[in-house]
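Biologist: Please take a close look at one part of this model, the part where protein and nucleic acid meet, and then place it beside other regions of the protein. A first-year student should be able to follow the account.

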There are 2 protein chains.
Amino acid sequence: MGTTQLESVPEPKYWHLKTVLTEALDSEFSVGEILPNERDLAARFGVARATLRQALEQLELEGRLQRRRGVGTTVAPPRVGVAVGAEGHTWPGATGDDWQPTDCTDVVPPAAVADLLETEQGEQVHTVRRSRVSQGRPVAAELLYIPHSSVPDLSAIDAPSGAARARAVLRELQHLELEGRDQAVELGSVSAEDAKELDRLPGAPVLVVTTRFHSGGRTAAVSVATYRADTCRLTFGGDIEIHHGPERRAS
Amino acid sequence: MGTTQLESVPEPKYWHLKTVLTEALDSEFSVGEILPNERDLAARFGVARATLRQALEQLELEGRLQRRRGVGTTVAPPRVGVAVGAEGHTWPGATGDDWQPTDCTDVVPPAAVADLLETEQGEQVHTVRRSRVSQGRPVAAELLYIPHSSVPDLSAIDAPSGAARARAVLRELQHLELEGRDQAVELGSVSAEDAKELDRLPGAPVLVVTTRFHSGGRTAAVSVATYRADTCRLTFGGDIEIHHGPERRAS
DNA sequence: CAGTGGTCTAGACCACTTT
DNA sequence: AAGTGGTCTAGACCACTGC
């Protein structure tokens, strides 16, 4: 029994590394600054590169770092607050929202969406693609599902697809009376498609916001919006300003 | 130019693996079923274990798998919807919420929280720890910050700490008039403390919900709640039921 | 072209749960 | 004790960005 148990539960190296790096970021680095490359950092801390990367990955997940292939690792700015639940009760495409429609096609929705829309299996619906830009950066990509029955007066002379048709569909939507809205937020990983639009590699973590729009006692539209989890903080019902890091507090 | 460019952008092995596994989960496995162990799976797909793990990690992130050390990898049930913004305008601790207070102490809050509370630097506030259980599983851990000025009539005869004092502080809170609430959601990784409570390893992804409670023109309390990102879908303003996987749709 | 982060390998050992 | 997932290593090559 002579042995002294200094650490009954030794913490993993990458966890300790993360702590050290966090403190260094708080005290010795400023936003936008470039860190030493991974091979140098690993050597400096005496660990394998894979171990260092495990720590960097977590810090990127927490929005503290930004890594870009071929460029390097930089200190990320504080997350942007993005209003998600506070725009009042308006349809997507109402004047003043900061979404930009890019395309419109007809597809058979995935089963999960068809359930929400209560459409028949195999029934086609309109899909409108939109992208959202905040402070000059792309923050979200959205896919809107709108049953044909929600926009019955869509003019035949409108373009069959593309941004022009997207605007036409959204314009028709405004004629309905919006009765309410449900929202849900969950974690996901970005699809190959959305990855390009969001300037991230496929698989990067995103916050998926599913919104159901109610009108006339049924679901008139469903929106699936994916927000960059590294750079965004979703705000509901107001604007909360949060900073992390002790140095940022006004004296 | 006789060469045929079949794949100008070859997709990573782990990404392809993830696709294959997703399809297998949808068609050949049912909830709770145990997958073969990682070494066997890696051998079966002809990849290194680390590569297989990269695919499993993503699937766990998306809530499709659950991995437990010493046990194995199982197919996860669909995420549970957890109401976050729909309980109406009530204080934490109001009768009927499914949070359970566990402890109460006085601390100097972190700078980010002190900013929200508009307390002086170094000023102590009450902290109430609570945990939330949904369908028999721990889903969230919360730390409530309540300035002394928000509960001025806290009786001196109440316990100085512990669950009893937590209940006393929350009871006093109900006397204030709640004027509004702000919320924000962002991605984080679970602290060592919360990890135990949520039955996850430190660093696991969580959804951090920061709520600010307004009363008398100021911020009367701040809640920082961390929800398990793998098992939770946060709902705002209603109940959306979402399923993934084609086989789950009712015929 | 050099330098960066991203992917992948084949091993080793550790912490944990179950038998 | 056996079997699982978690951590770690030392190396290799690839994809991308800039000069």
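Modeller: The answer starts at the DNA and then turns to a helix, a strand and a single residue. Please bear in mind throughout that this is a predicted model.

There are 27 residues around DNA strand D, and those that come nearest are Lys13(A), Thr51(A), Asn37(B), Arg49(B) and Arg53(B). Of the atoms of DNA strand D that come within 4 Å of the protein, 67% belong to sugar and phosphate. Two polar contacts illustrate how phosphate oxygens are approached. Tyr14(A) places a polar side-chain atom 2.9 Å from a phosphate oxygen of DNA strand D, whereas Glu38(B) comes within 2.9 Å of a phosphate oxygen through a backbone N or O atom. A base is approached as well: a polar side-chain atom of Arg49(B) is found 2.8 Å from a base nitrogen of DNA strand D.

Several elements of the two chains build this surface. At least two residues each come from helix 1 and helix 3 of chain A, and from helix 2, helix 3, strand 1 and strand 2 of chain B. Helix 3 of chain A provides the largest share, four residues. By character, the residues of the surface are nine nonpolar, seven polar and eleven charged.

Helix 2 of chain A, residues 38-45, shows how a helix can have two sides. Its buried residues are Glu38(A), Leu41(A) and Ala42(A). These residues lie on the same side of the helix because they cover an arc of only 100 degrees around the axis. Arg39(A), Ala43(A) and Arg44(A), on the other side, are exposed. The buried residues pack against helix 3 and strand 1 of chain A. The N-terminal end of helix 2 is capped by Asn37(A), whose side-chain oxygen lies 2.9 Å from the backbone nitrogen of Arg39(A). Just after the helix comes Gly46(A), with a positive phi of about 70 degrees.

Strand 8 of chain A, residues 205-215, offers another pattern, for eleven of its eleven residues are buried. Both of its faces are covered: Leu207(A), Val209(A) and Phe213(A) are among the buried residues on one side, and Val206(A), Val208(A) and Arg212(A) are among those on the other. Strand 7 pairs with strand 8 in the antiparallel sense over ten bridges. Strand 9 also runs antiparallel to strand 8, and ten bridges join them. Val209(A) can serve as a landmark here: Val185(A) stands opposite Val209(A), and Val209(A) stands opposite Ala225(A) in strand 9. The hairpin of strands 8 and 9 has two residues between the strands, and Gly216(A) takes a positive phi near 60 degrees there.

Finally, Arg79(B) lies in the loop between strand 2 and strand 3 of chain B. Arg79(B) has a relative accessible area of 8%, so this residue counts as buried. Arg79(B) touches residues of both chains, among them Glu186(A), Leu187(A), Leu61(B) and Cys232(B). A polar atom of its side chain lies 2.9 Å from the backbone oxygen of Leu61(B), and the side chain also reaches the backbone oxygen of Asp230(B) at 3.2 Å. Arg79(B) and Ala229(B) are 150 residues apart in sequence, yet their C-alpha atoms are 9.1 Å apart in space.

Notes:
Residues numbered from 1 in each chain as written. Chains lettered and ligands numbered in written order. Predicted model: local features only at pLDDT ≥ 70, side-chain atom pairs only at ≥ 80, totals over all residues. Heavy atoms only, no water. Buried < 20%, exposed > 50% of the residue type's maximum accessible area, 1.4 Å probe, protein only. Pairing = 2+ DSSP bridges. Near = heavy atom within 4 Å. Polar contact = N/O pair within 3.5 Å; in protein donor to acceptor, adjacent residues only side chain to side chain. Nonpolar A, V, L, I, M, F, W, Y, C, P; charged D, E, K, R; others polar. Arc of directions from axis to C-beta. Contact = heavy atoms within 4.5 Å. Lists of a residue's contacts leave out its neighbours within four places in sequence.
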